[in-house]
Structures are given as structure tokens and as C-alpha cells.
Amino acid sequence: MAKPEIKNINIDLEVYASEKDLDANDQLLLNKARTVAKNAYAPYSNFKVGAALLLDNGTIVSGNNQENAAYPSGLCAERTAVFYASAQYPSNKIKAIAVITDNAKQLEPVTPCGSCRQALAEYEIKFKEPIRVIMGSTSGKVFVVKSVESLLPLMFNQDHLK
Ligand code: THU
């Protein structure tokens, strides 16, 4: 039996101990996400998340998680924000997204769930441009990656759509 070729997939995860170590644009986006997290509707989880997107025209679009008594009908902050951005600014590239919670127990950065990674990756493919992801926490620790693709290697995609 032939041995398969083994491919290693690595990601460059930037780890910051403090938000103060981020560049000014990333700090601003994280602050917007933190502000909008307060408006989340999360009575079931008590975990309020905010997301803020920077578009190539300088516009910042934000969203938060919206829960529902029928649990699966709710939506994460990232998808609320990115779907709104695509609805309102369909031809503006998305440069970056910041995500954070105001939950005091969340000392590690909030990393987008799998469904949000897939949804965000769609716009990287659409615009042929990476989306920077800034992931904040209530301890000040921040993760940054330069693209959504790096958070979702081998994402679902259809070659016939390329
Ligand atoms: N949530 C987000 O808004 N974004 C994420 O990346 C992970 C989870 C929301 C979904 C739900 O309303 C709450 O956080 C708890 O899972």
C-alpha cells in the first residue's frame, strides 16, 4: 500500500497580552464590537457577543448575537454583522472583523464558531481578499489571524463556482 503524502497545515496566530499592543485600527474595531455586544439579545446563554466589520470604504458595520426560544433559530454576532454588511454594501470588500464578548468569565479570546467561519470565508472567496480576524476577551488577551481561511483549512467550496 502506498503511503499517503502528509501535508501539514499551520496557522500564524498572533497572540497579544493586551489590547494596547494592537494597532490603532484593530483597537477601534474591537471597541466597536465591545460596545455592540451590550445590545445582544442573549437571555438564554447570558453570553453577549459583538462583532464589528471594517469595509474598504471605511464603514464599520456591527452586529450581535440574537437568540430565540427555539434555540437553533438564533444567530451568532459574526453572521448577523456580515450578512447585514453584504445586504447593505454588497460590493464593498470586508477588510477585517473583530469579535468579543462582555462576559467577565471569558478570559480567553472569543473565536468564531465553525458556521461563522464558513460564512465569513465565503466573502474572502467572493472578494478575493483576506479578512483579518481580531478576537478579543475580557482579560485583554487578543488573538489575530490574517485570514478566515487560516481558521478554517479545507473549508467547503465548490470548484465549479470558481
Ligand atoms: N456566539 C456568537 O455570537 N459568536 C460565536 O462565535 C460563538 C457563539 C453566540 C451564540 C449564542 O447566542 C451564544 O454565543 C452562546 O453560544
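Me: Which residues are around the ligand in this predicted model?

Reply: Ser 45, Phe 47, Val 49, Asn 65, Glu 67, Cys 76, Ala 77, Glu 78, Thr 111, Pro 112 and Cys 113. To be counted, a residue needs a heavy atom within 4 Å of the ligand.

Me: What makes the Glu 67 pair with the ligand a polar contact?

Reply: The cut-off is 3.5 Å between N or O atoms. A polar side-chain atom of Glu 67 is 2.5 Å from a ligand oxygen, so that pair counts as a polar contact. Glu 78 has a side-chain N or O atom 2.6 Å from an oxygen of the ligand, so that one passes too. With Cys 113 it's a polar backbone atom, 3.3 Å from a ligand oxygen, and that is also within 3.5 Å. As for cover, the ligand on its own exposes 370 Å², and the protein buries 74% of that.

Me: Where does the ligand sit?

Reply: In the largest pocket. That means more than half of its atoms lie within 2 Å of the pocket's grid points.

Me: What is the volume of the largest pocket?

Reply: About 310 Å³. It has 19 lining residues, and Asn 65, Glu 67, Leu 75, Cys 76 and Ala 77 are the closest to its centre. Helix 2 (residues 77-88) gives the most to that lining, with three residues.

Me: Why are Cys 76 and Cys 113 called nonpolar in the shell around the ligand?

Reply: Because Cys is on the nonpolar list here. By class, that shell has six nonpolar, three polar and two charged residues.

Technical notes
Residues are numbered from 1 along each chain as its sequence is written. This is a predicted model: local features need pLDDT of at least 70, side-chain atom pairs count only at pLDDT 80 or more; totals for chains, interfaces and linings use all residues. Side-chain values use heavy atoms; hydrogens and water are left out. A polar contact is a pair of N or O atoms within 3.5 Å; within protein, one must be able to donate a hydrogen and the other to accept it, and residues adjacent in sequence count only if both atoms are side-chain atoms. Accessible areas come from the Shrake-Rupley method with a 1.4 Å probe; for residues, only the protein chains shown count as cover. On a 1 Å grid over the protein atoms alone, a cavity is a set of points where a 1.4 Å probe fits but cannot get out, and a pocket is an open set with protein on both sides within 12 Å along at least five of seven lines; lining residues have an atom within 4 Å of a point. Grid points are joined across faces, edges and corners, and a volume is the space filled by probe spheres set on the points. Helices (H or I, at least four residues) and strands (E, at least two) are DSSP runs, numbered from the N terminus.
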